[in-house]
Amino acid sequence: MVEAARFSSSSFAVPISTSQFSCVGERSGNQDAIGYHLDERNGCFVVSDGVGGNAGGELASRIAVDTALDTFVDDPSLAADNIQRCVKAANDAILAKQRELADQSRMSATFVSLFVDRASNQACWAHVGDSRLYWFRRGALMQRTEDHSLSERSGDAAASQHHGGERLVKTNLLYRALGARATAEATITATQRLADGDAFLLCTDGLWQLISQQVMERSLQLADSAEEWLALLRRAAEAKADETQDNYSALAVWVGFPQQVTLAGAATTTATATRTPPVEFRPPVSTP
């Protein structure tokens with residue numbers, strides 16, 4: 001079931017809506033975890049996936065999400081050192097649980113997160129492993145995270161986008177994951193200015209292995225809400241899933257009103273959409 005939330009905000013804050021789903025696929029359990037915090041000033045959105053092959057993946061992903069959210073809420077800031085502190089706290093919490101549970105001493109998890117300052121209209125993101133963040137503007141992909149995996153290094157992940165989302169090499173060995181080492185090595189972006197119509201998709205590899213970037217864009221251009229976008233993506237994933245399907249999960253974050261931008265401009269080319277200056281959020285000017 002797709003879960004959705006809409007938030008009315010003050011005129012000084014970026015309007016944000018969000019939706020999420022998590023499917024077990026054909027596995028016996030779900031090792032994906034999703035969580036978010038959103039208030040009038042800040043937002044934090046996190047998706048994690050327990051690394052397969054090691055016991056405790058479901059616990060590791062839940063620890064990663066909850067710890068990162070709690071750490072950010074205690075000190076909400078987009079400063080790089082503060083984002084790194086959130087990742088470190090998640091990694092340390094997993095390591096601590098490893099020491100406590102001998103039979104889960106190798107549990108680990110991927111991690112992808114989006115942090116938003118609604119007052120300054122800025123965002124940044126961080127990730128470890130192969131759970132991804134996709135950033136769309138005016139319905140077209142602006143940027144996505146690069147997986148910390150051997151397949152990404154070899155170019156297979158990029159090639160898969162031209163084969164309907166299917167990987168040429170099915171194994172996806174990670175060289176970074178929370179709980180795998182004493183030090184968490186996260187990739188953290190510089191802060192980005194948000195624009196009306198920006199949309200973010202955070203997802204586990206179970207989803208992006210099933211659907212291509214083109215399907216994500218086309219579905220976004222057809223959707224009238226974050227919930228509808230995820231419903232379209234889930235339907236596309238279900239159509240391609242088979243008896244070996246891994247868990248697949250997604251968290252969508254809409255900034256402003258993407259449906260007004262993407263539906264009106266769905267017929268335009270990606271190049272034209274990219275050249276068009278974004279509409280930024282500006283606080284209203286008070287008058288005497």
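At what angle do helix α1 (residues 57–74) and helix α2 (residues 80–100) pack, and how far apart are their axes? The legends below begin with this pair.

**Figure 1. Packing of helix α1 against helix α2 in the predicted model.** The angle between α1 and α2 is about 140 degrees, and their axes lie 8 Å apart. Axes are lines fitted to C-alpha atoms, for helices over the stretch in contact, and angles run from 0 to 180 degrees between N-to-C directions. Helix α1 is therefore oblique to α2; angles under 35 degrees count as roughly parallel, over 145 as roughly antiparallel, 65 to 115 as roughly perpendicular and the rest as oblique. The crossing of α1 past α2 is right-handed, a term for a near helix turned clockwise from the far one by less than a right angle, with left-handed used for an anticlockwise turn. On the α1 side, the contact (heavy atoms within 4.5 Å) is formed by Leu59, Ala60, Ile63, Ala64, Thr67, Ala68, Thr71 and Phe72. On the α2 side, Asn82, Arg85, Cys86, Ala89, Ala90, Ala93, Ile94 and Lys97 take part. Sorted by class, this contact of α1 with α2 holds eleven nonpolar, three polar and two charged residues. Here Ala, Val, Leu, Ile, Met, Phe, Trp, Tyr, Cys and Pro count as nonpolar, Asp, Glu, Lys and Arg as charged, and the others, Gly among them, as polar.

The following conventions apply to every view. Residues are numbered from 1 along each chain as its sequence is written, and side-chain values use heavy atoms, with hydrogens and water left out. Because the model is predicted, local features need pLDDT of at least 70 and side-chain atom pairs count only at pLDDT 80 or more, whereas totals for chains, interfaces and linings use all residues.

**Figure 2. Packing of helix α6 against helix α7.** Helix α6 (residues 213–222) packs on helix α7 (residues 226–240) at an angle of about 140 degrees, with 8 Å between the axes. This makes α6 oblique to α7. Helix α6 passes α7 in a right-handed crossing. From α6, Val215, Met216, Ser219, Leu220 and Leu222 meet Glu228, Trp229, Leu232, Leu233 and Ala236 of α7. The residues of this contact of α6 with α7 comprise eight nonpolar, one polar and one charged.

**Figure 3. Surroundings of Leu202 and Thr204.** Leu202 belongs to strand β11, and Thr204 lies in the loop between β11 (199–203) and α5 (205–208). Helices (H or I, at least four residues) and strands (E, at least two) are DSSP runs, numbered from the N terminus. Leu202 is buried at a relative accessible area of 0%, and Thr204 is likewise buried at 0%. Buried means under 20% relative accessible area, exposed over 50%, and partly exposed in between (1.4 Å probe, protein chains only). The C-alpha atoms of Leu202 and Val47 are 6.5 Å apart in space, although the two residues are 155 apart in sequence. Leaving aside residues up to four places away in sequence, Leu202 touches several residues, including Phe45, Val46, Val47, Val112 and Leu251. With the same exclusion, Thr204 touches Asp32, Val47, Ser48, Asp49, Ser131, Asn247, Tyr248 and Ser249.

**Figure 4. Surroundings of Leu178.** Leu178 is located in the loop between α4 (156–160) and β9 (187–188) and is buried, with a relative accessible area of 0%. Its C-alpha atom is separated by 6.9 Å from that of Val128, 50 residues away along the chain. Residues touching Leu178, not counting those up to four places away in sequence, include Ala64, Val87, Ala90, Ile94, Met107, Phe111 and Val128.

**Figure 5. Cysteines without disulfides.** A disulfide is a pair of cysteine sulfur atoms within 2.5 Å, and by this rule the count is zero. The sulfur of Cys44 is 6.2 Å from the closest cysteine sulfur, that of Cys86, which is too far for a bond. Cys124 is also in no disulfide, its nearest cysteine sulfur being that of Cys86, 9.2 Å away. Cys44 is buried at 0% relative accessible area, and Cys124 is buried at 0%.

**Figure 6. Positive phi at Asn121 and Arg138.** Most residues other than glycine have a negative phi. Asn121, however, has a positive phi near 60 degrees, and Arg138 has a positive phi of about 55 degrees. Asn121 is in the loop between β5 (111–117) and β6 (122–128) and is buried at 3% relative accessibility. Arg138 is in the loop between β7 (132–137) and β8 (140–144).
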